[in-house]
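Q: Please take a close look at a single part of this structure, and then set that part beside a few others and the chain as a whole. A connected explanation would suit me better than a list.

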Amino acid sequence: MNDDTLLTSDTDRALDDVSADEYGFNEIARKLAPSLVDAANSDGMVIGIEGPWGSGKTSLLNFLKKQLASREANQLHVITLAPWLTGDHITLIESLTNAMADILDKEEKSSPSGFWSRSKKQSAGYTDLFRKYGVRTGRALAPLANLAGMVYPPAAIVGAGLGVGADYLEKLGRNPTDAEVKKLISDKLASLDVRFLVLIDDLDRLEPQQAVEVIRMVRSVADFPKVAYVMCYDRSVLAHALERGLHVKDGDLFLQKVVQLTFTIPLPEPFDLRLSLRSKVLAVYREVHGKDPDEAEHGEISHAIDREGGSLKTPREVKLVLNAIKFAYRSMADDLYFPDLCRISLLKILNPPLYRWLEKYLSVRSVIFTGNAQMSKDDMTELGTSLKALLPSESIGSTRSIWSVAEYIPGLQVDEDPKARVFQTEHSSQISRYLNDKRLGSPVHYRYYFALTGPRSALPDEKLTELKVLASSDIPGLSTKLEGYILAPRPLGQSWFEHILDRFSRPELQALSLDQLCGIATAIGNVMDIAIRDKKQVRFFSRSLSDKAEMLMGNILDTLRERDNQTRSGLLQTIFSQSPSLSWLVAEFFRQELFDHGVVGDRAKRVEDRHLTADELDTCKQILQQRLAAVAANGSLANYPDLAGILYGWRDMAGIEEPRAWVAHFIATDTNFVMLLLELRGLTVSDRVYRPLRNSTLELFMDPEAVRQRLAALRQNDPPSQLKSKLDEIDEALLVGANDPFN
C-alpha cells in the first residue's frame, strides 16, 4: 500500500457505502425511510435529526437518500440543501424554490397532459411565480429587502416577459400580498401528484445569523403541502446560535416551535468505538511493518485504547484519533513506540488540557535529564497542583487518577505534597527501558510524539548508532567524532560529549559487543584530556564531566568482567599504557580507585563495588608511575590539563617526595612559579565563586613562607601589567585561603 493510501484512507468524510457502515446507520435509515415518505404526504412537517458533532448525522442522511431512492416512491423528489456552502448571491429560500420549480418544469415537459395545468403558458407562469415567491420571500427575510421587481402587478410581469401568468394573477388584484401568492402556490401543490422531501444538513456549522436565516426559511415555507423537511444539527449548538442571532433567552424553546418531530442519533454500543479504533490502528501497524505486532505490543495497544479510549463518544473522534496516529507513524515508525502513540493521540483529541500538561512536563524532564536545567520547588509545586486538578481521582483503577498516567509517564506519583507528585527519582533501568523502546517517557524521544522531531538537546538515535558502529570498526574515527562533539556548540547546558556519556547507560552497554565496549572505552581514554582542558564552567549540583566518564569507564569494565576477563585485561593494558589522557587517568579515574580501595581516605567501597581488583590496581599504578616519571623527565608534564589534579594523584600513588621534587625543579622560572600557584587554587562558593589558595596546599609542594617572599620580590620589580594581574589574583586567593575554615 502506498504512502498516499496511509494518509487518506480514512478521512472525515461522511459514509455512503453500506459495506463501511460500522454503527448500523443503514439499518436506522431503512426504518426511518417509510416515515419520511409518509411525512411528505402531510401539510408540511419539519423533522429534526439530532446528535453531537461527529455522531454520524450526515452518514445517516446519506443512507436515507439511498433508501429513499431504492423505494421508488411515486413522485417523491428529494432536495438537499447545504446552507453553510450557500453564497451571499442567493438566499436559501431562493435555492429551495428554484430547485422545486426546476423539478416542476421537468415534470411538465415529461407529462403529455400537462403538469401544472392544461395550458403550457399557465404552467410556465406558475413556475415563474414560484421562483418570484422565493426571491421576494428570501429578500424580505434579510435587512433592506426593498428590491425592484419583487412585486407582482401584471404589468411588471408582462414587462419581464412573463405575461403568460396574467390570467390567474389578475384574480388576486394588483400587488398581491405574500400570503396570497403563497396560498395560490399551496393550492396548486395540494392538487398535484407530487411530493418533496427537503434535507438540510450541517446547521450546527453555521454562524448565528446564518442559522437564523435557515430557521426563518423553514418557518416561511414549512406549511407548503406535500413538502417535508429533515434538518440535521447538534441541538445545543444550534440553540445557542439562535440565542445569539435572535437575542432570545431560550434557543431550545424557540427550536421546539419550529420542529414537530425529532430523532436523536443513538449512542454507539459500549466498546463499539474502541473496538473500531483498535481494528483500524492494527491495520495501520500492518501497513507500515508488513506484519502484526508481537503479543506484548499487541497487548499494550489494546490496553492503551481500552484505558484512554473510554472517553470516545462519536465516530468522528475515532477518525480524528486514527488520522493523528497515521500522520505521525507514517514517517516516524522508527522513532516511536506504537502503543504510546495511540495513548497520546487519544489524549490529544479527548483530553487536550492533559495532553498539553504532558508536553510541558516531558519537555522540562528532558532538559533536566540532559543536564541543561534544574527545577525549582515553586515550579514543581505548580506542575503538581495542575496535575491533581486534571486527574483528581484517588482510585488506582480510574483513568482520571495520577496512577493511570504514571503507568507510562515516569516520575509521577500520588502524594499530598504537590511538588512530590512530579520529577521523582527514577531507576537507571527504567530510564534505559524508556530510551531503548523509544517510549513517550524517554527524554530523548518524547518530542517525536508532539512535534514530529526529536528535542534539540538530545542526540538523535542514528547519531548514537553511528558511534556504536565506529566503536567496533574504527576507533580513531570514533575518537575524532567524539572530539568533534566536545568542541561542537550545544543549545543548552553541558556539551554534546557529556550527553553521549549519559546515553551509554549500564543497560545500553549490555547490548553492545565486546569490540564495541572496548572501542568506546579506548576512545574515551583518547579524548578525555581534550574534554577537561576547558574548566570555565563550574557545576555544583550535578555530576561533573570527569565523574560521568569515570562512571562509564567503570561500567564498561564491570560489563567485561561479567562477559570476558581476558578482553577486560587487554583493555586495561591498552588504556593505562597508551591513553593520551594521562591527566584524567591520574587525577580522576585511577585516583578514585585509590579511594574506593581504601589506599587513600577512609571510605573504602565493598570489594564487589570496585571497578579494579587489588592486583589490577597495583599493575595499573606501576604503569602510571612509569608514565609520570617519563613526562616529568622530558618536561611535558605541565602541558597536561588539571596540573594540580595530576600532582594530587601522583602524591596518592607514590607519596609526596616525587611530585614535590618535580615542583621544585619546575618553579625555577617565575613564569612557571606563577602558573603553578594559579593552578593550585581551590574552589569555594558562598555569595559568589571563590578560588582560595590554602596554606595546607602550599605546604604539600612548597615552603609557604618562601612563596610569599618570592611574590613580594616579584612585585618590587615593577612587573608588566599581565604579570601584575596574575599576582593580584594570587594575593586574593591567599587572602581567601587564609579565611577558609578548611585551611
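A: Helices here are DSSP runs of H or I of at least four residues, strands are E runs of at least two, and both are numbered from the N terminus. With that in mind, L512 lies in the loop that links helix 24 (506-510) to helix 25 (514-532). This is a predicted model, in which local features need pLDDT of at least 70 and side-chain atom pairs count only at pLDDT 80 or more, while totals for chains, interfaces and linings use all residues. Residues are numbered from 1 along each chain as its sequence is written, and side-chain values use heavy atoms, with hydrogens and water left out.

Because its relative accessibility is 4%, L512 counts as buried (under 20% relative accessible area, with exposed over 50% and partly exposed in between, for a 1.4 Å probe and protein chains only). Leaving aside residues up to four places away in sequence, L512 touches K468, F504, L517, I520 and R563, where contact means heavy atoms within 4.5 Å. A471 is 41 residues from L512 in sequence, yet the two C-alpha atoms are 9.8 Å apart in space.

A second buried residue, I93, sits in helix 4 (residues 92-110) and has a relative accessible area of 1%. The C-alpha atom of I93 is separated by 8.5 Å from that of V218, although their positions lie 125 residues apart along the chain.

Elsewhere, helix 2 (residues 25-39) and helix 3 (residues 57-71) cross at roughly 55°, and their axes come within 8 Å; axes are lines fitted to C-alpha atoms over the stretch in contact, and angles run from 0 to 180 degrees between N-to-C directions. Helix 2 and helix 3 are therefore oblique to each other, the term left for angles that are not under 35 degrees (roughly parallel), over 145 (roughly antiparallel) or 65 to 115 (roughly perpendicular). From helix 2, residues including F25, I28, L32 and L36 take part in the contact, and from helix 3 residues including L60, F63, L64 and R71. By class, this contact has 12 nonpolar, 3 polar and 2 charged residues.

For the chain as a whole, 35 helices and 7 strands are assigned, and buried residues make up 49% of the 743 residues. Among contacts between residues at least 6 apart in sequence, 71% join residues at least 24 apart.

Terms used. Nonpolar A, V, L, I, M, F, W, Y, C, P; charged D, E, K, R; others polar.
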